[in-house]
Amino acid sequence: MTQTGELSRERIQATERVIRPYIRRTPILEVDGADVGLDSIRIIFKLELLQHAGSFKARGAFTNMLTREVPAAGVVAASGGNHGAAVAFAAMKLRQPATIFVPSVASPAKLDRIRSYGAELVIAGDRYAESLEASESWTRQSGAMPIHAYEGDETLLGQGTLGLELEEQDPKLDSLLVAVGGGGLIGGVAAWYQDRLKLIAVEPEEAPTLNLALNAGEPVDSPAGGIAADSLAPRQVGQQMFPIAQKFVNSSILVSDDEILAAQKRLWETVRVAAEPGGAAAFAGLLSGRYKPTPGERVGVIVCGGNTDKVSL
């Protein structure tokens, strides 16, 4: 994990060129807001749940493994599930060994993904922070290269390529809602868009990492619970992304578990998109009315993950 300089648009463009052969250009789906019960707006869903390994995390995983020297011991990652699946997938494709540490709250769907890619899976602790500690101990013992879920230039630059791709697909967005856990996605996307659209962070009420940090002026410990705890519940938001969020995130809103479940259900019922709770959180910010767009607004919503074991909602 390196921190070498400004996360510029030029560096994100260069990163995109490196990882392009290994990642999917995920589609967008434009719908009339009325189709999902929201009048007078257009909604542009970025369907990143269709990315390799089921989430945006593949972008950062490939960036780390293609731009850093991987030792013989391979790579190691701690994850609520999606990052681990992405690192395991990238390691499989690039023929590198991988060891993934996950907490007990990780969903069976995510554990199955990790195992299917051939990585060594270790369940350590009840929450992400405990799995991270275990992975750091393993790094010291093994000499494997750590790939952090939301810190480090490579991770943030990789996630920033989603913003680049989305702007190419729809350059006229007025606003963009992004779910936040550790903040790697919104940090990378904010580094790309900067102040060229309205950027809204959406978090579960039971895991308000960025919301508490913005109020405190620095990352602080947060509760780590709720229905999306396997993807949106680290102990703190990332140190590296935080100043980017302070500068470019326009607002931070919180949604309840019931609102996340309602968004998950609405996505399935109206557009047949099966998102995991964390993947539906950004849409929950819109559907719940916590974010109120102006009439005629083009609202982007990143559906960032689909690793759910529910086939009907």
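This text walks through the strands and helices of a predicted model. Residues are numbered from 1 along each chain as its sequence is written. In this predicted model, local features need pLDDT of at least 70, side-chain atom pairs count only at pLDDT 80 or more, and totals for chains, interfaces and linings use all residues; side-chain values use heavy atoms, without hydrogens and water.

Start with the open sheet. It holds 6 strands in the order 1-2-10-7-8-9, with mixed pairing. Strands are DSSP E runs of at least two residues, helices H or I runs of at least four, both numbered from the N terminus. Two strands pair if DSSP finds at least two bridges between them. Strand 1 (28-32) and strand 9 (251-255) are the edges, each pairing on one side only. From one strand to the next, the twist averages 25 degrees.

At one edge, strand 8 (residues 198-204) runs parallel to strand 9, joined by 5 bridges. There, Ala-201 faces Ser-252 of strand 9. Helix 10 (residues 257-271) packs on this sheet. It touches strands 1, 2 (42-47), 8 and 9, where contact means heavy atoms within 4.5 Å. Its direction makes about 90 degrees with that of strand 9; axes are lines fitted to C-alpha atoms, for helices over the stretch in contact, and angles run from 0 to 180 degrees between N-to-C directions.

Now turn to strand 3 (residues 75-78). Side chains in a regular strand alternate between the two faces of the sheet. In strand 3, Val-75 and Ala-77 on one side and Val-76 and Ala-78 on the other are all buried, meaning under 20% relative accessible area with a 1.4 Å probe, protein chains only. Strand 3 pairs in the parallel sense with strand 6 (residues 145-146) over 2 bridges. Val-76 stands opposite Pro-146 there.

Notes
Buried < 20%, exposed > 50% of the residue type's maximum accessible area, 1.4 Å probe, protein only.
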